[in-house]
Amino acid sequence: MSRALPTIVHLDADAFFVSCELALKPELRGTKCAVGGRERGIISSASYEARACGVYTPMPTKLALKVCPELIMLPHTSGLYGKVSRQMFDLCETLTPHVQRNSIDEGYLDIAPCGFKSIEEITRRVRALQTRITDELQIHASFGVATNKLVAAIASKARKPKGFTVVIPGGEGKFLASLPINVLPGIGKKTDERMKTAGIRFVRDLFTRTERELRELFGTNWQEMLALAQGEDDRPVETEHDDAKSYSQQETFGHDIREFAKIEQIAKRMIDELMPAIRADGKRARTMTVKIRYPGMEDNSCGRSLSEATDLETSFYGLVGPLLRGAWTKQRSLRLVSVKFSGIEGEPAQLEMFSGTAEKKRRLATVLDQLNTGKLPAVKHGHQLAPPEASCAD
Ligand SMILES: [Mg+2]
C-alpha cells in the first residue's frame, strides 16, 4: 500500500469581492448582490444567490439588472480587497511558510515540509485553516488538497462554495475522469467547441481516442494533454516571502474582454491595490510589468522602469496605457491581465531625495492609506469612480 500523502493545497476564495463587502455589510447576506460599476459598468463579482438568478462575471451591469431586477449593486471599495487578500494569505502562512499568492483570491500552499503523518491529519489541519479564514475574515474559501498543483486547483473548484476536496494520491486520474474536459488548462472556449464536435465531453473521453485522432485535435501537444488528463504535473509552489522581489496581482476574466478601456481600468485598480501594500512594507518599486493572456494560454508582457523607485500610484498610472499597448499586440480579446511591481527597494535614506511635489503626494498617499484602512470606503481615485468597472474575482 502506498504511504504517499497529498502535498499541495489550493485555496480559492468564493465570490471574493462580494464576500469582502458582505463582511462589512452582513445585513446583505443571503441577498442577490454584486460588486461592479453602475451605468456602463460590468459585474466584477456576484453573490451565489445572484448567480442562481443568472448573473455572471463580467456581465454588463445593465444586463444583470434586467435578468435580476432586485439585484443590489455595491461599488468597488478601494484597497479593501487587497487588504483582505493579504490577511487571508497571512493566515495560510500559519499552516506553512510555503505559500504562492497566485492572484488576489487564490493561491497554492506546499505542505510537504510540514511533516503531517496521515491524510486525516492533513484534512484536520487544512479544514482548521478554512474555518479560521471564515471566522476571522468573514469570507469563505474553497480548498483542494492533492499531490500536485494541477489536481489541487481543479479540486478546489469541484464543490464551490465552501468546498473541501481531498484527492487521494494515486486517485488523480479517476478524480479527473468524470469531470468536463474544459477543467484542463489550455482548453479554452474554441478548443472546447472542437472537443464537443469530436464527441469529447469528459476528461475520460480522451482515452478512447487513437493517437492519430489526438494529434488532429492537439497537434504536437497531444502527449502533454494526455499527461494532464491523468493528473500529472510537477510545477513547484513558488514562494515569495516578506522580502519579496515583486508585488503582483492577476485576474482571469469569466468572459474574454476586448475593450481597451476596461482592461486599462482593471490594471489601474491593481496599482491601487498593490501600492498601499508596498507602502505598508516600507518599500518602493522601480519597475512595472503588465502581462496579458489571450484565450489558449498565450501570454505576452511589457515592462518599463522609472528612473527612481517610488511608492506612489500616480507615478505608474501613465505607464498603464503604453505597457498594455506594448503587450497587447494582437487584435484578439483577452482572458487575463496582471500587473507586477519589481525592482523593489527599501525606504530612501533621506527624505530630501524626494522633490517637494513628490513628498507632498507621498504624504497624501499615506493619509489616504490611513483613511482606507477604516471600515468605510473613504477615498477613491478618479478612475475608480468612472465606468466601466471591470475586474473580476470569483
Ligand atoms: Mg475565487
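This report walks through the strands, one helix pair and one loop residue of the structure above.

## Overview

Please keep in mind that this is a predicted model. The protein's secondary structure comes to 14 helices and 12 strands. Of its 394 residues, 40% count as buried. Contacts between residues 24 or more positions apart make up 67% of the protein's contacts with a separation of 6 or more.

## The strands around S7 and S1

A good place to begin is strand S7, which covers residues 141–146. Six of its six residues are buried, so S7 is largely enclosed by the rest of the structure. If you follow the side chains, Ala-141, Phe-143 and Val-145 point one way from S7, while Ser-142, Gly-144 and Ala-146 point the other way. Residues on both faces of the strand are buried.

Which strands pair with S7? Strand S1 (residues 8–13) runs antiparallel to S7 and is joined to it by six bridges. Here Ile-8 stands opposite Ala-146, one of the buried residues just mentioned. Strand S8 (residues 164–166) runs parallel to S7, with three bridges between the two. In this pairing, Val-145 of S7 faces Val-166 of S8.

S1 also pairs with strand S6: five bridges join them, and the two run antiparallel. The bridge partner of Val-9 in S6 is Leu-109. S6 spans residues 106–110 and is mostly covered, with four of its five residues buried.

From S6 you can step on to strand S5 (residues 99–103), which runs antiparallel to S6 and is joined to it by four bridges. Gln-100 stands opposite Tyr-108 in S6. S5 and S6 form a hairpin, with two residues between the strands.

## A three-strand sheet

Elsewhere, three strands make an open sheet in the order S3-S2-S4, with mixed pairing. Its edge strands are S3 (43–46) and S4 (72–74), each of which pairs on one side only. From one strand to the next, the twist averages 30°.

S2 (residues 33–36) runs parallel to S4, and three bridges join the two. For a residue to look for on screen, take Cys-33: its bridge partner in S4 is Ile-72.

## Strands S10, S11 and S12

Strand S10 (residues 285–294) has an antiparallel partner in S11 (residues 298–310), with nine bridges between them. S10 and S11 form a hairpin with three residues between them. In the turn, Gly-296 has a positive phi of about 100°. Arg-293 stands opposite Asp-299 in S11.

S10 also pairs with strand S12 (residues 334–342), again in the antiparallel sense, over seven bridges. In that pairing, Ile-292 stands opposite Val-337 in S12.

The table gathers several of the strand pairings described so far, each with an opposing residue pair.

| Strands | Sense | Bridges | Residue pair |
|---|---|---|---|
| S1 and S7 | antiparallel | six bridges | Ile-8 and Ala-146 |
| S7 and S8 | parallel | three bridges | Val-145 and Val-166 |
| S1 and S6 | antiparallel | five bridges | Val-9 and Leu-109 |
| S5 and S6 | antiparallel | four bridges | Gln-100 and Tyr-108 |
| S2 and S4 | parallel | three bridges | Cys-33 and Ile-72 |
| S10 and S11 | antiparallel | nine bridges | Arg-293 and Asp-299 |
| S10 and S12 | antiparallel | seven bridges | Ile-292 and Val-337 |

## A helix crossing: H4 and H11

Now for the helices. Two packed helices are described by the angle between their axes and the distance between the axes. For helix H4 (residues 80–92) and helix H11 (residues 260–280), the axes come within 8 Å and cross at roughly 55°. That angle lies between the cut-offs of 35 degrees for roughly parallel and 65 degrees for roughly perpendicular, and H4 and H11 are therefore oblique to each other. The crossing of H4 past H11 is right-handed.

Which residues make the contact? H4 contributes Tyr-81, Gly-82 and Arg-86, and H11 contributes Glu-273, Leu-274, Pro-276 and Ala-277. These contact residues divide into four nonpolar, one polar and two charged.

## A loop residue: Asp-281

The loop between H11 and S10 holds Asp-281. Is Asp-281 buried, exposed or in between? It has 16 C-beta neighbours inside 10 Å and therefore counts as partly exposed, since a buried residue needs 20 or more and an exposed one has 12 or fewer. Asp-281 and Gly-346 lie 65 residues apart along the chain, with 8.6 Å separating their C-alpha atoms.

How values were computed: Residues numbered from 1 in each chain as written. Predicted model: local features only at pLDDT ≥ 70, side-chain atom pairs only at ≥ 80, totals over all residues. Pairing = 2+ DSSP bridges. Axes fitted to C-alpha atoms, helices over the stretch in contact; angles between N-to-C directions. Parallel < 35°, antiparallel > 145°, perpendicular 65-115°, else oblique. Left-handed = near helix turned anticlockwise from the far one by under 90°. Contact = placed C-beta atoms within 7 Å. Nonpolar A, V, L, I, M, F, W, Y, C, P; charged D, E, K, R; others polar.
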